[in-house]
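Let's take a walk through a protein model together. Keep the picture beside you and look up each part as we come to it.

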Amino acid sequence: MSKSPIVSVICSCYNHSNYVVESLKAVKNQTYKNIELIVVDDFSKDDSVQVINKWLTNYPKVKFIQNRSNLGLNKSFNQAVKQSKGAYVIDLAADDLMLPNFVEDLVSVFLT
């Protein structure tokens, strides 16, 4: 296995417009850089989609899945997993944060 395997971080959003940008920034500010970020919005009723789209203008490589109906967390997460390329997958709610070395620490544990 590669010393820097791809880690897919799936950020699930449902009505988290007030928090999602901070969550996404926490992923982009990781010390570990081989991260694939996938954002999935589960048909939010607030302005989460607009907030995410605005943030994505600076990060065109980030995958964004917009559900056309509310599928629930598990189905939304599973559809993102199907599109992921990572050797490891991290489930991140859009109202959660990661410390800057979170992914690096996890990968180092798995590789030892």
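What follows is a guided tour, from the sheet to the helices and then to some single residues.

Before we set off, keep in mind that this model is predicted. A good place to begin is the sheet. It is an open sheet of four strands in the order E3-E2-E1-E4, and the strands pair in parallel. Strands E3 and E4 (88-93) form the edges, since each of them pairs on one side only. If you compare neighbouring strands in this sheet, you will find them turned by 20° against each other on average, ignoring direction.

Now zoom in on E2 and E3. These two strands pair in the parallel sense over four bridges. Look for Val-39, whose bridge partner in E3 is Phe-64.

There is another link between these strands, this time through side chains. Side chains of opposite charge can pair when their charged atoms come close. How many salt bridges does a search of the whole structure find? The search turns up two. In one of them, Lys-63 joins Glu-36, with the closest N and O atoms 3.0 Å apart. Lys-63 belongs to strand E3 (residues 63-66) and Glu-36 to strand E2 (residues 35-41), so this pair ties together parts that are 27 residues apart in sequence. Are the two partners buried or exposed? Glu-36 has a relative accessible area of 12%, so it is buried. Lys-63 has 23% relative accessibility and therefore counts as partly exposed; the cut-off for buried is under 20%.

The second salt bridge links the side chains of Glu-22 and Lys-25, at 3.6 Å from N to O. Both residues sit in helix H1 (residues 20-28), and because they are three residues apart, about one helical turn separates them. Glu-22, at 45% relative accessibility, counts as partly exposed, and so does Lys-25 at 37%.

Next, turn to helix H4. This helix lies across strand E1 (7-13), E2 and E4, and it runs at about 145° to E4. Phe-102 is part of H4 (residues 102-111). With 34% relative accessibility, Phe-102 counts as partly exposed. Phe-102 also helps to make a nonpolar surface patch of about 470 Å², together with Leu-99, Leu-106, Phe-110 and Leu-111.

Let's return to strand E2, where you can find Ile-35. Which residues does Ile-35 touch, not counting residues up to four places away in sequence? They are Val-7, Val-9, Val-27, Gln-30 and Val-103. You can also compare Ile-35 with Ile-90: the two are 55 residues apart in sequence, while their C-alpha atoms are 10 Å apart in space.

Our last stop is Asn-67, in the loop between E3 and helix H3 (73-83). At 8% relative accessibility, Asn-67 counts as buried. Leaving aside its neighbours within four places in sequence, Asn-67 is in contact with several residues, including Val-40, Phe-43, Ser-76 and Gln-79. Asp-42 is another of its contacts. Asn-67 and Asp-42 are 25 residues apart along the chain, and 5.2 Å separates their C-alpha atoms.

Conventions
Residues numbered from 1 in each chain as written. Predicted model: local features only at pLDDT ≥ 70, side-chain atom pairs only at ≥ 80, totals over all residues. Heavy atoms only, no water. Patch = residues over 30% accessible without salt bridge, like charges linked within 9 Å, V, L, I, M, F, W, Y side chains within 5 Å. Areas by Shrake-Rupley, 256 points an atom, 1.4 Å probe, with all protein chains shown as cover. Salt bridge = Lys/Arg side-chain N within 4 Å of Asp/Glu carboxyl O. Buried < 20%, exposed > 50% of the residue type's maximum accessible area, 1.4 Å probe, protein only. Pairing = 2+ DSSP bridges. Axes fitted to C-alpha atoms, helices over the stretch in contact; angles between N-to-C directions. Contact = heavy atoms within 4.5 Å.
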